[in-house]
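Subject: Handing over the structure

Hi,

Here is the structure I promised to pass on to you. Have a look at it first, and then read on for my notes.

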Amino acid sequence: MRAVLLPGLGEVPVGKILGIGTNYASHAKEMGSPVGGDPVVFLKPSTALCADGAVVRPPGPGHEMHHEVELVVAIGRTGLRIPFEKALDHVAAYAVGLDLTLRDLQLVAKQKGRPWALAKGFDTSAPVSAFRAAAEVGDPQKVALSLKINGQVKQSGSSADMIVPVAGLICFVSTFMALEPGDLIFTGTPAGVGALKAGDALEAEAAGVGRLKVSVGVP
Ligand code: MG
């Protein structure tokens, strides 16, 4: 999957996939991560993307692959140094996604001051639902997020609790790099992350935005 279908724009090749770390206080607390300062930004390659119904898997045995349910922003208009007040004008659509993370590798990377590229960017690490037009979603800070594994609720939160809201993320990131149609931003996860195992069935939902089902395959 190397393109996304964006309402009003049609099929758009996927550009960069940005992820935001520690954007909910509840998740920062469970990870023992500090809060405050500039957003933590990382990148996933376009090869990480997969769609509803995908089988996701870690790149090999022995990894601890964690689920992180997130609101995903699709950029629809090019911009550099986008002012906060105009930031949401650059959003074409929203989806629900999973920022799948190899927590074992990420822990080592944090300890050794290494990049998170492999922990966050392996194939199938970025499943996303179908995209819904921004105009239909309305306020991106009023979206309930949830994740069920095998029918049990594991994560439940609201985008209202983001530390830096969607407009602030677009404004901040675009001071460093131009945002272009087809770029995606994974906006961070609320509390409740945990390890997945082969055979798990995941159902992610962003209320009023979309639903996503994936299953976990063997490495
Ligand atoms: Mg995340």
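Below are my notes on what was found, grouped by topic.

One thing before you start: this is a predicted model.

**The strand in the middle of things**

I'd begin with strand β9, residues 91-98. Eight of its eight residues are buried, so the strand is largely enclosed by the rest of the structure. If you want to see what sits alongside, go to strand β8 (residues 69-75): β8 and β9 run antiparallel and are joined by seven bridges. A handy place to check this is V72, whose bridge partner in β9 is A95. Strand β12, which covers residues 132-133, is also joined to β9, again in the antiparallel sense, by two bridges. Here the pair to look up is Y94 with R132, the latter being the partner in β12.

**Two open sheets**

Which strands make up the three-stranded open sheet, and in what order? The order is β10-β7-β16, with antiparallel pairing. The edges are taken by β10 (101-102) and β16 (194-195); each has a single partner strand, so one side of each is left without a neighbour in the sheet. Strand β7 spans residues 65-67 and pairs with β10 over two bridges. To find that contact on screen, pick M65, which stands opposite L102 in β10.

There is also an open sheet of five strands, ordered β6-β18-β17-β13-β14, and its pairing is mixed. At its edges are β6 (55-56) and β14 (152-158), each of which pairs on one side only. The link from β6 to strand β18 (residues 210-216) is a parallel one, made of two bridges. V55 is a good residue to click on there, as its bridge partner in β18 is S215.

**Aromatic rings and cysteines**

The count of aromatic pairs comes to two. One of them is F42 with W116, a tilted pair with 5.7 Å centre to centre and 50° between the planes. Why does this pair tie together parts that are 74 residues apart in sequence? Because F42 lies in strand β4 (residues 40-44), while W116 lies in the loop between α2 (103-112) and α3 (117-121). Both F42 and W116 are buried.

As for disulfides, the count is zero. Two cysteines you may want to look at are C50 and C171. C50 has a relative accessible area of 8%, so it is buried, whereas C171 counts as partly exposed at 22% relative accessibility.

**The cavity**

How many cavities of 30 Å³ or more are there? The count comes to one, and its volume is about 100 Å³. The cavity is lined by 15 residues, and those nearest its centre are G21, T22, H27, E68 and Q106. β3 (17-21), α1 (25-31) and α2 each supply at least two residues of the lining. The largest share comes from α2, with three residues. Sorted by class, the lining has three nonpolar, seven polar and five charged residues.

**Two threonines and a lysine**

T22, already mentioned for the cavity, turns up again when you look at the backbone. Most residues other than glycine have a negative phi. The phi of T22, though, is positive, near 55°. This residue T22 lies in the loop between β3 and α1, and at 22% relative accessibility it counts as partly exposed.

T124 also has a positive phi, near 70°. You'll find T124 in the loop between α3 and β11 (126-128). Is T124 buried or exposed? Its relative accessible area is 16%, and buried means under 20%, so T124 is buried.

Last one: K29, in helix α1. K29 has a relative accessible area of 72%, and the cut-off for exposed is over 50%, so K29 counts as exposed. The C-alpha atoms of K29 and T187 are separated by 17 Å, and these two residues are 158 residues apart along the chain.

If you only have a few minutes, I'd look at the enclosed strand β9, then the F42 and W116 pair, and then the cavity with T22 among the residues nearest its centre.

Cheers

Terms used. Residues are numbered from 1 along each chain as its sequence is written. This is a predicted model: local features need pLDDT of at least 70, side-chain atom pairs count only at pLDDT 80 or more; totals for chains, interfaces and linings use all residues. Side-chain values use heavy atoms; hydrogens and water are left out. Buried means under 20% relative accessible area, exposed over 50%, partly exposed in between (1.4 Å probe, protein chains only). Helices (H or I, at least four residues) and strands (E, at least two) are DSSP runs, numbered from the N terminus. Two strands pair if DSSP finds at least two bridges between them. Rings of Phe, Tyr and Trp (its six-membered ring) pair if their centres lie within 6.5 Å; planes under 30 degrees apart count as stacked, over 60 as edge-to-face and the rest as tilted. A disulfide is a pair of cysteine sulfur atoms within 2.5 Å. On a 1 Å grid over the protein atoms alone, a cavity is a set of points where a 1.4 Å probe fits but cannot get out, and a pocket is an open set with protein on both sides within 12 Å along at least five of seven lines; lining residues have an atom within 4 Å of a point. Grid points are joined across faces, edges and corners, and a volume is the space filled by probe spheres set on the points. Ala, Val, Leu, Ile, Met, Phe, Trp, Tyr, Cys and Pro count as nonpolar, Asp, Glu, Lys and Arg as charged, and the others, Gly among them, as polar.
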